[in-house]
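Reader: I would be grateful for a close look at a single part of this model, its interior. Please set that part in the context of the whole chain and of the surface.

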Amino acid sequence: RIGLRWSLALGAAFIVGSGVARAGAQGLVTFWLAIAIFGIGGPLVSATAPKLVMTWFTDPAERRLAVGLYTAAPALGGVTALMITNSVLLPAFDDWRLVVIAYSLVALLAGLLWLAVSSTAGEHEPAPAHRQPAPGEGGWRQILASRGVQLAFVLGIGIFFVNHGLSGWLPNVLETDSGLSASVASAWVGASTIVGIVAGMLLPRMATSDRRGAVIAGACGIVGLSLALMAVASSASVDVAAVLVVGVRAALIPLVIVVLMEADGVTQSNVGLANGLWFSAVHVGGTSGPRGGGAIGETSAGFAAALWTLAAILGVLALIAVAGQRWVLR
């Protein structure tokens with residue numbers, strides 16, 4: 001409703017405010033509130049980005065590449081933070097609060113850079129509209145009735161369950177099952193993120209309408225087989241190799257976003273609404289993934305059972321992707 005430029009700028013402002021509030025937090029309640037502020041800014045950026053891509057890029061190939069790039073960017077930032085926080089910034093500042101302030105300044109710089117860039121590209125964006133969609137433009141009922149949107153919802157919930165579950169517990173899995181130290185396990189998980197960045201930039205470009213289901217199924221299959229190998233492997237080297245391949249999971253989210261953006265009934269005028277609905281729904285999986293993986297890992301079956309569970313979910317998602325794509329195109 002307020003337009004792309006100010007939506008992203010407002011998201012950046014909330015992220016900066018969250019960082020400053022974290023640095024000044026004096027207890028659990030104030031720290032939780034500081035993180036909750038990020039819960040406004042982060043989703044605002046994530047929900048606006050697909051609208052930006054849909055508006056600025058009309059060529060489908062360029063659009064798919066743009067999705068891969070913007071979804072790979074957070075992973076690249078995360079890897080950079082993992083590499084320099086404990087080794088560079090914390091020794092330099094000798095205070096974790098100052099490190100958080102430094103990262104807040106980076107977010108501020110990114111927000112200001114966005115305002116500068118968007119000021120020169122404003123002609124791409126239509127004027128903000130406060131009216132109801134005209135007939136044919138597609139409100140939320142028409143969006144939810146789209147087969148492509150329904151497929152994106154199902155795949156997104158499952159993929160967020162797997163991705164968030166692994167992100168929360170993968171270092172612990174390596175540490176527990178392979179005997180690696182916490183720092184070494186975290187380093188290998190970070191290396192798998194680099195694999196995910198490359199996969200996230202390459203695979204969406206391959207996901208044309210006629211083979212999108214096969215690309216998603218292939219990525220699910222590769223990650224699922226790697227998790228199954230980790231569940232049965234007794235060698236640290238095998239586990240490390242499997243973890244690197246598991247990084248391909250990062251490409252699954254941009255692939256599903258492409259499904260959503262190119263679904264029947266999703267247009268430039270309502271893609272923001274479509275992505276907002278999708279983003280809210282898929283976090284059913286995002287919030288339950290870490291809880292589910294942790295709960296299974298704490299049983300007598302251990303993390304191996306959690307890995308088998310996630311591998312089975314990915315197998316089901318692969319079948320859904322192939323069958324669902326045929327259903328959408330029918």
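Author: Helices here are DSSP runs of type H or I with at least four residues, numbered from the N terminus. The model is predicted, and every value below is computed from it.

With that definition, the protein has 12 helices and 0 strands. Read along the sequence, the pattern is therefore α-α-α-α-α-α-α-α-α-α-α-α. The C-alpha atoms fill a box of roughly 60 × 50 × 30 Å along the principal axes. A compact globule of 330 residues would have a radius of gyration near 20 Å, and the 20 Å found for the protein agrees with that expectation. Contacts that link distant parts of the sequence are prominent: among contacts with a separation of 6 or more, 77% join residues 24 or more positions apart.

The interior can now be taken in turn. Of the 330 residues in the protein, 42% are buried. The largest nonpolar core has 63 residues, and the members that touch the most other members are Leu155, Leu166, Leu203, Leu227, Met230, Trp278 and Leu314. Helix H6, residues 147–178, supplies the largest share of this core, with 12 residues. Leu314 shows how one of these members is placed. Apart from neighbours within four places in sequence, Leu314 is in contact with Val162, Cys220, Val223, Gly224, Leu227 and Leu252. Leu227, one of these partners, is itself listed among the members of the core with the most contacts to other members.

A second core, separate from the one just described, has 5 residues, including Leu4, Leu8, Ala9 and Leu52. Leu8 also leads to helix H2, residues 28–56, through Leu44, which is placed in that helix. Leu44 and Leu8 are 36 residues apart in sequence, while their C-alpha atoms are 7.0 Å apart in space. Leu44 touches Ser7, Leu10 and Gly11, not counting residues up to four places away in sequence. Its relative accessibility is 25%, so Leu44 counts as partly exposed, because burial requires a value under 20%.

A polar residue in the interior completes this part of the picture. Asn275 is found in helix H11, residues 271–297. Its relative accessible area is 1%, so Asn275 is buried. Outside the residues up to four places away in sequence, Asn275 touches Ser46, Ala47, Pro50 and Leu260.

The surface offers a contrast. The protein exposes about 16000 Å², of which carbon and sulfur atoms supply 70%. Phe31, Ile35, Leu90 and Trp96 form a nonpolar patch on the surface, with about 330 Å² of accessible area together. Phe31, a member of this patch, lies in helix H2 and counts as partly exposed at 31% relative accessibility. Helix H2 is thus the place of both Phe31 and Leu44.

Elsewhere on the chain, Asp94 lies in the loop between helix H3 (60–93) and helix H4 (96–119). Asp94 is exposed, with a relative accessibility of 67%. Its phi angle is near 60°, a positive value in a residue other than glycine.

Note on methods. Residues numbered from 1 in each chain as written. Predicted model: local features only at pLDDT ≥ 70, side-chain atom pairs only at ≥ 80, totals over all residues. Heavy atoms only, no water. Patch = residues over 30% accessible without salt bridge, like charges linked within 9 Å, V, L, I, M, F, W, Y side chains within 5 Å. Areas by Shrake-Rupley, 256 points an atom, 1.4 Å probe, with all protein chains shown as cover. Salt bridge = Lys/Arg side-chain N within 4 Å of Asp/Glu carboxyl O. Helix = DSSP H or I, 4+ residues; strand = E, 2+ residues; numbered from the N terminus. Buried < 20%, exposed > 50% of the residue type's maximum accessible area, 1.4 Å probe, protein only. Core = buried A, V, L, I, M, F, W, Y, C linked by side-chain atoms within 4.5 Å. Contact = heavy atoms within 4.5 Å. Rg over C-alpha atoms; globule rule 2.2 N^0.38 Å.
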